[in-house]
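Welcome to this structure! Here is a short note to help you find your way around on a first visit. Please keep the view open while you read.

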Amino acid sequence: MAHNSTDLIYGERVTPGVAAEIRDRALWLRGEDLQRASGWIFKPEGFCKDEVCIPVPPARAAQFAAGGRYNLAALAELLGQPIVADEEHRVWCFGAAAAERARKLKSLEAPDFSLPDLAGEMHSLSEYRGKKVLLVSWASW
Amino acid sequence: MDLPVWQAMYEELGPKGFVPIAVAFDSAGKIAAEPWIVAAKPTYPCVIDMRHIVAELYDMVNVPNAVWIDERGRIVRPSESAGATDAFRTLDRKTFTMPEESMKQMQAKRLAYQNAIRDWVANGAASKFALGEAEVLRRMHTPGDDDVRAAANFRLGEYLYECGHREAAQKYFDTARRLRPENWNYTRQAMSLKDPANPLGASGPEFWSAVDELGDRKYYPPVEDI
């Protein structure tokens, strides 16, 4: 077991310096760190965020919650999220689940985002509702 | 670079309810994108996407790729080449010139794409270029496990790069490229970050050899109806 200050990337959320216990492929966090880094809160009904609760398989409960710590890696696997970890620099990255991403795209609702221009002013797609939008990529490289 | 093209289209079609949003996929951020934006003087939104968030959300795999979004916030054309074709592959790599035939073809495709936008702005949902839901779904690539794994590797690479771990970053960029070889954003962004002294690495010999490896496959998959 290793007690590590670990940087967590969870979707668009980045939380540096989280006190994590790492055992093989498990990443154990205290409840407040779990919430801060991922938005999930552990409750009797399971892991909850907004209106959603994910029940923990009873036979495997000890893989998800033990001794006041919660295994974010086990939850991510349950949700089908990809996990990539760099041991040397102690960074764990949790991506979006393919099924969730596909479901959102197939709804044909354009996903909103908020990004800065050169001056640092933020622009969201939703500000342009009522217009025809050409969302177009480019790059300097 | 297409920023001036979108500016001209905005000036022409903005009064009719059209707006381009140009998104720079640039992990190096403002420093990399700034000269281009300053030169183009855009009056439409021109945002910087260091983490390629929009690329992941809309499944964009190259530049320029575009998505059309109607007044209700619905996707009416999924991610596709915004008027760019493989004609650039005929470029003479010593003289940086292109055969006249290729130049003509390239310009014709760009114009056809711009005209498709004009048709959409004039006719809305009745435009033949504003696709119905079934057709949007048929053309849309929906991400699978390898695609989201590639995105997570790329994201970790970007983070390590941001933290100054350049070499470690390349390892994850390489994994992303291996998992999703058709995603040129991964390939070229990684090339541009490899050597800080050579930010144009993404257009150099390494890029051209990656393009050559495509053989008969397309760099920009052709758009069916434009």
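The points below go from one chain to the contact between chains, and then to a pair of helices.

1. Before anything else, please keep in mind that this is a predicted model. Every value in this note is computed from it.

2. Let us begin with chain A. Its secondary structure comprises three helices and 13 strands. Taken along the principal axes, the C-alpha atoms of chain A fill a box of roughly 50 × 35 × 25 Å. Of the 141 residues in chain A, 38% are buried. Among the chain A contacts with a separation of 6 or more, 34% are between residues 24 or more positions apart.

3. A good place to zoom in is an open sheet in chain A, built from three strands in the order S4-S5-S6 with antiparallel pairing. Strand S4 (41-43) and strand S6 (52-54) are its edge strands, and each of them pairs on one side only. From one strand to the next, the twist averages 35°.

4. Staying with that sheet, look at how strand S5 (residues 46-49) of chain A meets S6(A): the two run antiparallel and are joined by three bridges. Here you can find two cysteines facing each other, as A:Cys48 stands opposite A:Cys53 in S6(A).

5. Now for the contact between the chains. How many residues does each chain bring to it? Chain B gives 73 residues and chain A gives 42 residues. On the side of chain B that touches chain A, the largest share comes from helix H6 (residues 145-162) of chain B, with eleven residues. Sorted by class, that side of chain B has 49 nonpolar, 15 charged and nine polar residues.

6. My favourite stop is a sheet with strands from both chains. This open sheet has five strands in the order S2(B)-S1(B)-S13(A)-S3(B)-S4(B), and its pairing is mixed. Strand S2 (46-48) and strand S4 (75-81) of chain B stand at the edges with a single partner strand each, so one side of each has no neighbour in the sheet. The twist from one strand to the next averages 15°.

7. In which sense does S13(A) pair with strand S1 of chain B, parallel or antiparallel? The pairing of S13(A) with strand S1 (residues 18-24) of chain B is parallel and extends over seven bridges. One pair to look for is A:Val133 with its bridge partner B:Val19 in S1(B).

8. Strand S13 (residues 132-138) of chain A also pairs with strand S3 (residues 65-69) of chain B, in the antiparallel sense and over four bridges. In this pairing, A:Leu134 has B:Trp68 of S3(B) as its bridge partner.

9. A helix belongs in this picture too. Helix H1 (residues 3-13) of chain B lies across S13 of chain A and S1 and S2 of chain B. Relative to S1(B), helix H1 of chain B runs at about 160°.

10. Finally, a pair of helices in chain B. Helix H7 (residues 166-179) and helix H8 (residues 184-194) of chain B pack with their axes 9 Å apart, at an angle of about 160°. Angles over 145 degrees count as roughly antiparallel, and H7(B) and H8(B) are therefore roughly antiparallel to each other. Their crossing is left-handed. Among the residues that make the contact are B:Phe173 and B:Arg177 of H7(B), and B:Tyr186 and B:Leu193 of H8(B). By class, the contact of H7(B) with H8(B) has six nonpolar, two polar and two charged residues.

Definitions and conventions:
Residues numbered from 1 in each chain as written. Chains lettered and ligands numbered in written order. Predicted model: local features only at pLDDT ≥ 70, side-chain atom pairs only at ≥ 80, totals over all residues. Contact = placed C-beta atoms within 7 Å. Nonpolar A, V, L, I, M, F, W, Y, C, P; charged D, E, K, R; others polar. Pairing = 2+ DSSP bridges. Axes fitted to C-alpha atoms, helices over the stretch in contact; angles between N-to-C directions. Parallel < 35°, antiparallel > 145°, perpendicular 65-115°, else oblique. Left-handed = near helix turned anticlockwise from the far one by under 90°. Buried ≥ 20, exposed ≤ 12 C-beta atoms within 10 Å, placed from the backbone.
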